[in-house]
Amino acid sequence: PQPTNMSTKDAQVEISQLQDELTDYGIAYYEQDAPKVEDHVYDEKYARLVALEQAFPQFVTPDSPTQNVGGAQTKSGLEKVQHPVPMLSLGDVFSLEELQEWENRTAKALGQQPSYNLELKIDGLAVSLKYDNGRLIQASTRGNGLIGEDVTANVKTIADVPQTLKEPLTIEVRGEIYMPKASFAHLNEERENQGQEPFANPRNAAAGSLRQLDARETKKRKLSAFIYYTAEADTLGVTKQSEVLRRFAELGLPTNKDNRVIGQMKDIAPYIAEYTEKRDGLPYGIDGVVVKVDDIDSEIDLGNTVKVPRWSIAYKFPPEEEQTIVRDIEWTV
Ligand code: NMN
């Protein structure tokens, strides 16, 4: 039933049940790198919980998955790292109509129609990299957004990630560590040959590989990276997200070159169509398109909720037919 047609009692029961269920899925996904359900199942339940909590805000608890960035703060053996600027999650939408609603809210809050930078949503996990005078000094996972795990030694084995920037900058940058499709196929084949459980998808394989206690193991896994964010654009001397990406490339950081600036939201449709088509042929997995307000001052004006930025949203592709994960689900239940 529509949340608005529900009795308070029924809503309370369903909200509490969804909160528990999604928390449980989150632990398997973020902490154990072994999801119990496919992403679209999680996303549908999450969207339902958001709708219910909106209609019955009295049942929003501080520990609801809608109020928390999901992720392990530490795996035994990995040190904890504090994020002075929280690492957030991203809101998502599943249709052009929802994108348009998001754009309406954004334009209204800004009092004008902004330009957007479109980026591919890489199916990996977020990391923070700290450079001091151009030297890589720390790498960490997102964790719960405030506290993540120290994976410096592991990240240093990733060929794409420069140990030294081309300019001696002191800056924190963020991006996605991912496992290319070829590495993923190879790794799973090897695991199956050794009687180990294969990873459900490249994202979980990347997370499992990055969160190793022995960096030599990470090195064997052939991870890659795309860097896409900094809260310190002023250090780079630029004012737009699209320029941040260009500056990253100048610094020698790996960036994805498929971004595009659009002047109005309706121009997103051809981009989505293009990458829906190109998706299978890309050497890495993508699960959607990330829309970011291009102007950084506007981003700062819009700010963040406790969980997601207001200046960015992910459009997620419809689920793919091929279901490698199904077998894993049968094993876990
Ligand atoms: O929390 P972030 O990194 O923003 O990622 C959210 C994404 O992670 C969503 O797209 C969701 O589909 C996925 N996820 C999947 C599961 C699962 O059990 N398959 C659990 C938690 C998050």
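Asp 287 is buried in this predicted model, with a relative accessible area of just 11%. The residue still finds a partner of opposite charge: Lys 121 forms a salt bridge with Asp 287, and their closest N and O atoms sit 3.5 Å apart. Lys 121 belongs to strand β3 and Asp 287 to strand β10, so the pair ties together parts of the chain that are 166 residues apart in sequence.

The two strands holding that pair are also partners in a sheet. Strand β3 (residues 116–122) and strand β10 (residues 286–293) run antiparallel and share seven bridges. Glu 119, for instance, has Val 290 as its bridge partner in β10, while Tyr 116 is matched with Val 293 of β10. Tyr 116 also stands opposite Ile 262 in β9, where β3 and β9 are joined by three bridges, again in the antiparallel sense. Seven of the seven residues of β3 are buried, so this strand is largely enclosed by the rest of the structure.

Zooming out, the sheet is an open one of five strands, in the order β2-β11-β10-β3-β9, with mixed pairing. Its edges are β2 (92–93) and β9 (260–262), each of which pairs on one side only.

What packs against these strands? Helix α9 (residues 241–251) lies across β3, β9 and β10, and runs at about 55° to β3. Then there is helix α10 (residues 268–278), whose buried residues are Ile 268, Tyr 271, Ile 272 and Tyr 275. Looking down the axis of α10, these buried residues fall within an arc of 95°, so they line one face of the helix. The cover over them includes α3 (96–110) along with β3, β9, β10 and β11 (312–316). On the face of α10 turned away from the buried side, the exposed residues are Pro 270 and Glu 277.

Back to charges. Side chains of opposite charge can pair when their charged atoms come close. With a cut-off of 4 Å between a side-chain nitrogen of Lys or Arg and a carboxyl oxygen of Asp or Glu, the count comes to 19 salt bridges. One of them joins Glu 21 and Lys 45, with an N to O distance of 3.3 Å. Glu 21 sits in helix α1 (residues 8–31) and Lys 45 in helix α2 (residues 39–55), so this pair links distant parts of the chain, 24 residues apart. Lys 45 is partly exposed, at a relative accessible area of 24%.

A more local case turns up in helix α7 (residues 215–220), which holds both Lys 220 and Glu 217, three residues apart, or about one turn of the helix. Their side chains meet in a salt bridge at 3.2 Å, N to O. How accessible are the two partners, Lys 220 and Glu 217? Lys 220 is exposed, with a relative accessible area of 60%, whereas Glu 217 counts as partly exposed at 24%.

Salt bridges also join up into a network, which links Glu 167, Arg 246, Arg 247 and Glu 250. The residue range of α9, 241–251, takes in Arg 246, Arg 247 and Glu 250 of that network, and this is the helix that lies across β3, β9 and β10.

Technical notes:
Residues are numbered from 1 along each chain as its sequence is written. This is a predicted model: local features need pLDDT of at least 70, side-chain atom pairs count only at pLDDT 80 or more; totals for chains, interfaces and linings use all residues. Side-chain values use heavy atoms; hydrogens and water are left out. Two strands pair if DSSP finds at least two bridges between them. Helices (H or I, at least four residues) and strands (E, at least two) are DSSP runs, numbered from the N terminus. Contact means heavy atoms within 4.5 Å. Axes are lines fitted to C-alpha atoms, for helices over the stretch in contact, and angles run from 0 to 180 degrees between N-to-C directions. Buried means under 20% relative accessible area, exposed over 50%, partly exposed in between (1.4 Å probe, protein chains only). The arc is that of the directions from the helix axis to the C-beta atoms.
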